[in-house]
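This report goes through one structure by topic, from single residues to the contact between chains.

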2 protein chains.
Amino acid sequence: MCELLGMECNVPTDIVFSFTGLRKRGGGTAHHADGWGLALYEGNAARVFREPEAAHRSPLARFVQSHPIKTLLAVGHVRKRTRGPITLANTHPFVRELWGHDWVFAHNGTVHAASRLPLSGRFTPIGSTDSERAFCHLLGALSEEFEGYPRSTSELWTAVADVARRIGARGSFNFLLGDGRHLYARCATKLCHLVRKAPFGLARLADEDVTIDFSTVTTPRDRVAVVSTVPLTHDEAWIHGEPGHLWVFDQGSLRATLPA
Amino acid sequence: MCELLGMECNVPTDIVFSFTGLRKRGGGTAHHADGWGLALYEGNAARVFREPEAAHRSPLARFVQSHPIKTLLAVGHVRKRTRGPITLANTHPFVRELWGHDWVFAHNGTVHAASRLPLSGRFTPIGSTDSERAFCHLLGALSEEFEGYPRSTSELWTAVADVARRIGARGSFNFLLGDGRHLYARCATKLCHLVRKAPFGLARLADEDVTIDFSTVTTPRDRVAVVSTVPLTHDEAWIHGEPGHLWVFDQGSLRATLPA
């Protein structure tokens, strides 16, 4: 199993505090030592750091933690291998371009018989994970349903939920998906989120002795949604996801909860 | 104008020495301060570092230089903006997946009326450069010509050359293209290469007072092809490209020179 971390905001925010917790869980406090990745959007383009190594020991992960990059949308992952060897090609998040947007995807769980998920021919796995196959299937299905990025974003959200439900019937399909504008988060077994907003207070990382007072680094209109496999902090009210549901975040708010 | 750096080898090699020279030219000894990028393959997957900032001053570029990653195939670029604002989306190298391979592309020059290059619908630019549009057009053309990665690689090389020639008729189209197996390098105006092989000797960087004795870091069977906009070293015999020709490198050797 793996762990997921997502962030979606209404003002550019750095993910250092949450990433510090995730990184610890990548071979430190938890055994997710087979790779890590972090995608940070700038507009519709994603900057992606990925390594088939333990985040906890990685000099690059330490660099990313110590050189914060502000972003409106981020997807992170630490990997505990279940399917596929430990290679760069099998390291989440995966990235593909669709409709002039980078799409990034990270998965926690196992999709059984993933090789039977049909591919449209447009998106082909580079590695050998069930996760990347499911992602390619998902994007292939979206590209067949819409000519370009839909004007009606709610139609897109529903389409993502529909495909997610079909894939989810084959196993455990917790995922985070970013399209440059939204963060999609599906709960199959375990996922939680919170929205940090005014009045901001203190939070203490669950995995490390680090406390932050968000009121000192925010303005009253800031909204930051954070999604994680397990609560990353004490002192905050994490909302646990309901299995078979998809959250859609936009502008730091939970915009939709769809059966998926 | 921009500067290109490519490397293709028969044994995993780090690109630190050449990247040190390129990085200097990114805002140091030359004025290519509008972005930099470096793609390093592991198998058919590429690890890509990109920033819309001067390589010379970038902490990430310094990190990459001081934490060498060995690879068989690398494509680097420093950008002096001609078209498109300074954003991540407009920073080379560009990446797309085709046939289960990451393809990476970096361009030096200007393609006129690039917006008239037809797109297949499969690959769409994220940013606003002529370069990314030309790359999307190129991959779209290849995806229409072949069902998957061709068994006959020489047919693929010829197809790349044919599309490159068509695009090149619209302006100045020096580029480097990687597909996980080969490095393609087209000369429109300025490009040079060398193959380092036994007996290895000394080389001194043109842009910095750094000398390396390759005989101390190689074995007799190593072959490393390096392609660059301008010679990166003194003391080595760089071969200058002929405008309108495409080089194809494989296993550290120049395998083909095609009209393009």
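Strands, like helices, are DSSP runs numbered from the N terminus, and a strand has at least two residues. The model described here is predicted.

**A buried residue in S4**

Val78(A) belongs to strand S4 (residues 70-78) of chain A. A residue counts as buried if 20 or more other C-beta atoms lie within 10 Å of its own. Val78(A) has 32 such atoms within 10 Å and is therefore buried. Leaving out residues up to four places away in sequence, Val78(A) touches Cys2(A), Glu3(A), Leu22(A), Arg25(A), Gly26(A), His32(A), Trp36(A) and Ala55(A). Thr211(A) is 133 residues from Val78(A) along the chain, and the C-alpha atoms of the two are separated by 22 Å.

**Helix H1 of chain B**

Is helix H1 (residues 16-25) of chain B mostly covered or mostly exposed? H1(B) is mostly covered, with eight of its 10 residues buried. The buried residues of H1(B) are Phe17(B), Ser18(B), Phe19(B), Gly21(B), Leu22(B), Arg23(B), Lys24(B) and Arg25(B). Charged side chains are thus found in this buried set, among them Arg23(B), Lys24(B) and Arg25(B). Just after H1(B), Gly27(B) has a positive phi of about 100°.

**The six-stranded sheet of chain A**

Strands of a sheet pair through backbone hydrogen bonds, either parallel or antiparallel. In chain A, six strands form an open sheet in the order S5-S6-S7-S8-S15-S16, and the pairing is antiparallel. Strand S5 (94-98) and strand S16 (253-259) of chain A stand at the edges; each has a single partner strand, so one side of each is left without a neighbour in the sheet. On average, and with direction ignored, neighbouring strands of this sheet are turned by 20° against each other.

At the S16 edge, strand S15 (residues 245-250) of chain A pairs with S16(A) over six bridges in the antiparallel sense. In this pair, Leu246(A) stands opposite Leu258(A) of S16(A). Helix H3 (residues 130-145) of chain A packs on the sheet, where it touches S5 and strand S6 (101-108) of chain A. The direction of H3(A) makes about 15° with that of S5(A). Helix H4 (residues 153-168) of chain A lies across strand S7 (174-178), strand S8 (183-187), S15 and S16 of chain A, and runs at about 45° to S16(A).

**A three-stranded sheet in chain B**

Chain B has an open sheet of three strands in the order S11-S10-S13, with antiparallel pairing. Strand S11 (211-213) and strand S13 (233-234) of chain B are at the edges, each with a single partner strand, so one side of each has no neighbour in the sheet. Strand S10 (residues 202-205) of chain B is joined to S13(B) by two bridges, and the two run antiparallel. Leu205(B) stands opposite Thr233(B) in S13(B).

**Backbone geometry in the loops**

Most residues other than glycine have a negative phi, and most peptide bonds are trans. The table lists places that depart from this pattern.

| Site | Backbone value | Loop |
|---|---|---|
| Ala198(A) to Pro199(A) | cis, omega near -5° | Pro199(A): between S9 (192-197) and S10 (202-205) of chain A |
| Ala198(B) to Pro199(B) | cis, omega about -5° | Pro199(B): between S9 (192-197) and S10 of chain B |
| Gln251(A) | positive phi, near 55° | between S15 and S16 of chain A |
| Ala113(B) | positive phi, about 50° | between S6 and H3 (130-145) of chain B |

Gln251(A) has 14 other C-beta atoms within 10 Å and is partly exposed. Ala113(B), with 9 C-beta neighbours inside 10 Å, counts as exposed.

**How the two chains meet**

A turn of 180° and a shift of 0.0 Å along the axis lay chain B on chain A with an RMSD of 0.0 Å. The two copies are thus related as by a two-fold rotation axis.

How many residues of chain B are in contact with chain A? There are 25, in contact with 25 residues of chain A. On the chain B side, the elements that give two or more residues are strand S3 (45-51), helix H2 (59-66), strand S5 (94-98) and strand S6 (101-108). S3(B) provides the largest share, four residues. By type, this side of chain B divides into 10 nonpolar, eight polar and seven charged residues. Of the interface residues of chain B, 100% are also interface residues in chain A, so the copies meet through the same surface.

Methods
Residues numbered from 1 in each chain as written. Chains lettered and ligands numbered in written order. Predicted model: local features only at pLDDT ≥ 70, side-chain atom pairs only at ≥ 80, totals over all residues. Least-squares fit on C-alpha atoms with pLDDT ≥ 70 in both. Contact = placed C-beta atoms within 7 Å. Pairing = 2+ DSSP bridges. Axes fitted to C-alpha atoms, helices over the stretch in contact; angles between N-to-C directions. Buried ≥ 20, exposed ≤ 12 C-beta atoms within 10 Å, placed from the backbone.
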